[in-house]
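Me: I am new to this protein and would like to learn how to read its features one by one. Could we go through it together?

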Amino acid sequence: SPGGPRLARGRRGVLALRLLRRWLDRCSPRSRPAGGSAGLTEAAVGTPSLEEAHAGLSEVQQKNYAIEAVRLGTFYTEDQEELRAYIRETYLELVQERERAEKPRFIEPNDLTRKYTFEELLAGQHGADGADIYRKPPGAPADSDDDEDEAPATEAAPAKPAYRPSVTLEQLSGSFEATIQSVQHGTAPVEMVAQTLKGCADHCERAAALGLYSKYEAATGSSWTVEDVKLLFDALKPFLRPSDDPMTLPVSLPPAEVAKSKKLMSKAILDLGQRRAAADPERAAKTERTEAALEQLSAATAAALAAAPGELAAVRRKGGVT
């Protein structure tokens, strides 16, 4: 559907609103001439001719005003005659006000005024050739209030400091081998395992970390305390971020599980999170309240649907509650 003219900010708002009001009046069927958009002439809107409007303006100023009229007056419509009439009306409004006539950007030539004639610029030929009609023309001098006319430039975000892993890959290789051996002998403290898992996360070694965690869980998982679960959970949590597994460390997983290590790691982290929540009385109470509320909602929903079986039949997507 046709859109409205592009509005400007700052002191141009008054002009833009006046142009918008006239555009809306013209789009109304009651105000449209019987002959269609062809009736939108200078006489119909009571505006002066181009020769009268150009009095006192140089050729460069006329061209710069034409560029500005295209910038302010362009909107989507399939009726190109209506668009050209509106841009022409916008141009006459601008030159009558003469508010910008003495600004450097309207006095000095630019790349567009050197390349195109006045009629070509008013017809938007520069936009058809690929120029951005909503930006300041290339080669135009800056004005003191350009911040009102142009979209403010976004400041570049400060660069984040380079991430430094807690250990180097060489250090991690040595500690990984030592931790695996300690786990196999049943002498690995949870702090040692958690530190090695954290190093694996720093280097995105998912398969190696999952192999170490699986061995440690099989050996000691039944005796983990709440603090043990929290340490392991915090060490593995970074693996939830998108990353690739370079697999430079010795992989302690069966070959069939290496390819699906990402899915297995997500399940391991989820299990740790559930164990930590179950061991926390406050979390457990919150979970029970949530489950009770869901049960009440399910019962109420089931009763409502039973009273109107036709509504249930019309539902195409059904979840577990339904």
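Me: Which residues does G73 touch, not counting residues up to four places away in sequence?

Reply: Before the case, a word on the source. This is a predicted model, in which local features need pLDDT of at least 70 and side-chain atom pairs count only at pLDDT 80 or more, while totals for chains, interfaces and linings use all residues. Residues are numbered from 1 along each chain as its sequence is written, and side-chain values use heavy atoms, with hydrogens and water left out. Contact means heavy atoms within 4.5 Å. With residues up to four places away in sequence not counted, G73 touches L83, Y86, I87 and T90.

Me: Where is G73 placed, and is G73 buried or exposed?

Reply: Helices here are DSSP runs of H or I with at least four residues, strands are runs of E with at least two, and both are numbered from the N terminus. G73 lies in helix α4 (residues 59-73). For burial, buried means under 20% relative accessible area, exposed means over 50%, and partly exposed is in between, using a 1.4 Å probe and protein chains only. G73 has 0% relative accessibility, so G73 counts as buried. Its C-alpha atom and that of T90 are separated by 6.1 Å, although the two residues are 17 apart along the chain.

Me: What about Q61 in α4: which residues is Q61 in contact with, leaving aside its neighbours within four places in sequence?

Reply: They are G56, A101, E102, F106 and I107. Q61 is also in helix α4, and because its relative accessibility is 9%, Q61 counts as buried. Now look from the other side: I107 sits in helix α6 (residues 104-107) and touches V60, Q61, N64, A101 and E102, again not counting residues up to four places away in sequence. I107 is partly exposed, at 33% relative accessibility.

Me: Which residue gives me an exposed case?

Reply: Try R114, which is exposed with a relative accessible area of 56%. R114 is in helix α7 (residues 111-115). The C-alpha atoms of R114 and K63 are 9.4 Å from each other, with their positions 51 residues apart along the chain.

Me: How many helices and strands does the protein chain have?

Reply: The protein chain has 18 helices and zero strands. Of its 322 residues, 36% are buried. Among contacts between residues at least 6 apart in sequence, 76% join residues at least 24 apart.

Me: How do I read a pair of packed helices, and what is the angle between α16 and α17?

Reply: Two packed helices are described by the angle between their axes and the distance between the axes. Axes are lines fitted to C-alpha atoms, for helices over the stretch in contact, and angles run from 0 to 180 degrees between N-to-C directions. Helix α16 (residues 261-279) and helix α17 (residues 281-307) pack at about 100°, and their axes are 5 Å apart. Angles under 35 degrees count as roughly parallel, over 145 as roughly antiparallel, 65 to 115 as roughly perpendicular and the rest as oblique. The pair α16 and α17 is therefore roughly perpendicular. Where they meet, R276, A277, A278 and A279 of α16 face P281, R283 and A284 of α17.

Me: Which residues of helix α14 are buried?

Reply: An α-helix has 3.6 residues a turn, so residues three or four places apart point the same way. In α14 (residues 226-236), the buried ones are D228, V229, L232, F233, A235 and L236. Seen down the axis of α14, they fall within an arc of 165° (the arc of the directions from the helix axis to the C-beta atoms), so they line one face of the helix. Among the elements covering them are α12 (190-202), α13 (206-220) and α16.

Me: How many residues are in the largest nonpolar core?

Reply: In soluble globular proteins, nonpolar side chains tend to be buried together. A nonpolar core is a set of buried Ala, Val, Leu, Ile, Met, Phe, Trp, Tyr and Cys residues joined through side-chain atoms within 4.5 Å. The largest one has 32 residues, and those with the most contacts inside it include V193, L232 and L236. Its largest share, seven residues, comes from α13. A second, separate core of 25 residues includes Y86, A101, F118 and L122.
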